[in-house]
Amino acid sequence: MSTYLITGVAGFIGSSLARAVLKQGDRVRGIDNFSTGKPENLQEIFKQIDFREADILDLDAMNKACESVDYVLHQAAIPSVPKSVLDPLGSNRANVDGTVNVLVAARDAKVKRVVYAASSSAYGDTPTLPKHEEMAPHPLSPYAVAKLASEYYMVSFFHCYGLETVCLRYFNIFGPRQDPTSPYSGVLAKFITQMLKGEPPTIFGDGEQSRDFTYIDNAVSANLLACKAPKNVAGGVFNVATGRRVNLKESFRILKKLTDYEGEVKFGPERAGDVKHSLADISNAEKHLGYRPIVDFEEGLKKTVEWYRVKSVDSGRWSVVTKP
Ligand code: UD2
């Protein structure tokens, strides 16, 4: 039995990872400062995990959290392009200083491997599609810079200290438990919950921007594979995506059917720091991690819409009320 430390365990991706690690019969230790994570994401698994409320910026807490840990899945972050544009210092502290703390603690505790939630935003607006890992990065927003800087720290800890690290460049992960309530929330979580309430979603820009939207189960499986992949993946960076892109107008059309929304979409100004098109080449992850997408975009959307529908009936926690 292995012990996995998940940073940001109360977040959308962290809590999904925790469930998957428990399901495979391993131990979960989790830390979260509840800045964006939510206790209800851990509801039915709370008693099965060793949870510690702590900030990754607290090195002492990180040292303790890393004791006797085999794998660290580092998800804790302030994950938002527009938020980083408003508060670059806060983004840098959480997304860069926090990562260095995690790495120092993991190195000193001699953990076997650290898997990092990197971001497709590192590629920026380079015109070449699909994006592959050998392309020169071109980060646009402070968030993208911070995520890329953390990748470089991961790689440098492998080269300088022999700590095995793997960076997974997530491409717009979506699915159940993604918080739709903040202005910085992921577009699909916002659109789904707005449309279920019968409210018009807003497209920032012309709606032609496209993303390689990736269902959460794919990201979870990539993390578990990255822990167990052979040693030659250490120091590596891998795209985690589906290899297909969909634009916002098309996403809206698909969601209209799935949510029975009858209204229209509004348009607003393009967002600063926004990337126009994003699509991944996933061949490296397939070859070296044994990764393949297990849930496609439409299927993932169906599952996500159903989850928010039921959630609204269950608790209203996400303040979603479906139309009568
Ligand atoms: C970036 C990263 C993603 C992840 C994420 C974390 C890229 C390509 N992707 O996602 O991998 O790291 O950051 O936050 O850099 N939008 C609307 N209406 C809304 C909300 C968003 O039109 O109500 C647009 C937004 O302007 C953008 C697209 O939807 O063009 C996707 O936005 P997002 O916030 O869901 O994710 P994004 O691409 O910034």
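A residue counts as near a molecule if one of its heavy atoms lies within 4 Å of that molecule.

**View 1. The shell of residues around the ligand in this predicted model.** Of the 22 residues around the ligand, those that come nearest are Ser119, Tyr143, Thr202, Arg211 and Asp274. By residue type, the shell around the ligand divides into nine nonpolar, nine polar and four charged residues.

**View 2. Polar atoms of the protein beside oxygen atoms of the ligand.** Arginine 211 places a polar side-chain atom 2.6 Å from an oxygen atom of the ligand, and a polar side-chain atom of arginine 271 lies 2.9 Å from an oxygen atom of the ligand. At valine 187 a polar backbone atom takes part, lying 2.7 Å from an oxygen atom of the ligand. Of the 750 Å² of accessible area that the ligand has on its own, the protein covers 93%. Helix H6 (187-196) and strand S8 (202-204) are the elements that give two or more residues to the shell around the ligand.

**View 3. The ligand between two domains.** Because domain 1 (3-173 + 215-240) and domain 2 (176-211 + 244-278 + 296-319) both give residues to the shell around the ligand, the ligand lies between them.

**View 4. The second largest pocket and its lining.** This pocket holds about 200 Å³ of space, and the residues that line it include Ser16, Arg19, Pro176, Arg177, Tyr215 and Ile294. Helix H1 (12-23) and helix H7 (216-228) each supply at least two residues of the lining, and H7 gives the most, with four residues. The lining of the second largest pocket divides into five nonpolar, two polar and three charged residues.

How values were computed. Residues numbered from 1 in each chain as written. Predicted model: local features only at pLDDT ≥ 70, side-chain atom pairs only at ≥ 80, totals over all residues. Heavy atoms only, no water. Polar contact = N/O pair within 3.5 Å; in protein donor to acceptor, adjacent residues only side chain to side chain. Areas by Shrake-Rupley, 256 points an atom, 1.4 Å probe, with all protein chains shown as cover. Nonpolar A, V, L, I, M, F, W, Y, C, P; charged D, E, K, R; others polar. Domains from an automatic or database assignment. 1 Å grid on protein atoms, 1.4 Å probe; cavity = no way out; pocket = protein on both sides within 12 Å on 5 of 7 lines; lining within 4 Å. Points joined across faces, edges and corners; volume = space filled by probe spheres on them.
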